[in-house]
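The following note collects points on the internal space, the aromatic contacts and one helix of this entry. Please read the points beside the sequence and the coordinates.

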Amino acid sequence: MRTYLDHLTVERGLAANTLSSYRRDLRRYLEYLDQVGIEELSAISEATVSSFLVRLREGDADHPPLSSTSAARTVVAVRGFHKFAVADGLAEVDPAGAVKPPTPAKRLPKALPLSDVEAILEAAGSPGTTLALRDRALLEMLYGTGARISEAVGLDVDDLDVGRTDADVGTVLLRGKGSKERIVPVGSYAREAVDAYLVRGRPELVAASTGATTGGALFLNARGGRLSRQSAWAVLQRAADRAGVTRDVSPHTLRHSFATHLLDGGADVRVVQELLGHASVTTTQVYTLVTVDSLREVFATAHPRARG
């Protein structure tokens, strides 16, 4: 298993969080193999892997039942492990190749109405303190670019306005999953918020540093170090509470809202795919279901013969 994880780290460049999930899933698989008395790869059959999937869904004394999504992720890790074992000459057959992960129930992304997004952004910038300038810039960047939270807190100052050619629309370099990079436009609202933070907020955070090294990080904490994902999440929660937004709000909610609002405004799904950094347009197309639902609601209320 260690060799496989090293392969994922070096050859495929998976993110630390993804590797942690693979490690946890494979550890559970090895525990199951130990429980059923299997010590060699050659002794694992398709029935073994299928029984493991059943155990995941049913749970046991040490583990609660997994949802179809979590079980599917674990099976994907197991399938990848066995495929690697065959390719690396550690096994002759792949017992997991025919075992299909359970199909997760399709859940539509939850997007916020524009009014809620605007209220959250306004609340983040009040009352204009150093940290409020940072918070407004962070949330404007999340909503204005559709960045993942890890991409936003991973930004350096030098990543801003890469190749800018227009006075109103700048760009930012985002580093996504698997170290893949993409350049995304940054609109005037986000640019103005970031500029205000860079001029009046970030220098004070650098000056207040308690020995932490910024390393060129864009978003800093109160001690001058790079802002963490957990702290960035808390920034959004506080802003939503102050704005009186009662819906469940997370950084990913702003990403969903970014995509949905673009499609509602007429953007092509493949353009949104590029902006979000999705490897496949299929991942992005789930947002089109949201816009279709919105069209249905408008049609049902506005068309004179929509209802009997």
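1. The largest cavity holds about 50 Å³ of space. The model is a predicted one, and the count of cavities of 30 Å³ or more comes to one.

2. The lining of the largest cavity consists of Arg28, Glu31, Tyr32, Gln35, Phe52, Arg55, Asp60 and His63. Sorted by class, this lining has four charged, two polar and two nonpolar residues. Helix H2 (16-35) and helix H3 (46-58) each contribute at least two residues to the lining. The greatest share comes from H2, with four residues.

3. Helix H3, which also takes part in that lining, has 13 residues. From its first C-alpha to its last, H3 reaches 19 Å, close to the 18 Å expected at 1.5 Å a residue. Its buried residues are Thr48, Val49, Phe52, Leu53 and Leu56. They span an arc of only 140° around the axis, which puts them on the same side of H3. On the face turned away from this buried side, H3 carries the exposed residues Ala47 and Glu58. Phe52 thus deserves attention on two counts: this residue is among the buried residues of H3 and also belongs to the lining of the largest cavity.

4. The aromatic contacts come next. There are six aromatic pairs in the structure. One of them joins Tyr4 and Phe84, whose rings are 5.4 Å apart centre to centre, with 40° between the planes, a tilted arrangement. Tyr4 belongs to helix H1 (residues 2-10) and Phe84 to helix H4 (residues 68-87), so the pair ties together parts that are 80 residues apart in sequence. Both Tyr4 and Phe84 are buried.

5. How are the planes of Tyr197 and Phe219 set to each other? The planes of these two rings lie at 20° and the centres are 5.8 Å apart, so the pair is stacked. Tyr197 sits in helix H8 (residues 188-207), and Phe219 in the loop between H8 and helix H9 (229-243); the pair thereby links distant parts of the chain, 22 residues apart. Tyr197 is buried, as is Phe219.

6. Which residues join Tyr4 and Phe84 in one aromatic cluster? Tyr22 and Phe81 do, and the four residues form one cluster. Within this group, the tilted pair of Tyr4 and Phe84 has already been described above.

Definitions and conventions. Residues numbered from 1 in each chain as written. Predicted model: local features only at pLDDT ≥ 70, side-chain atom pairs only at ≥ 80, totals over all residues. Heavy atoms only, no water. 1 Å grid on protein atoms, 1.4 Å probe; cavity = no way out; pocket = protein on both sides within 12 Å on 5 of 7 lines; lining within 4 Å. Points joined across faces, edges and corners; volume = space filled by probe spheres on them. Nonpolar A, V, L, I, M, F, W, Y, C, P; charged D, E, K, R; others polar. Phe/Tyr/Trp six-rings, centres within 6.5 Å; stacked < 30°, edge-to-face > 60°. Buried < 20%, exposed > 50% of the residue type's maximum accessible area, 1.4 Å probe, protein only. Expected span 1.5 Å × (residues − 1). Arc of directions from axis to C-beta.
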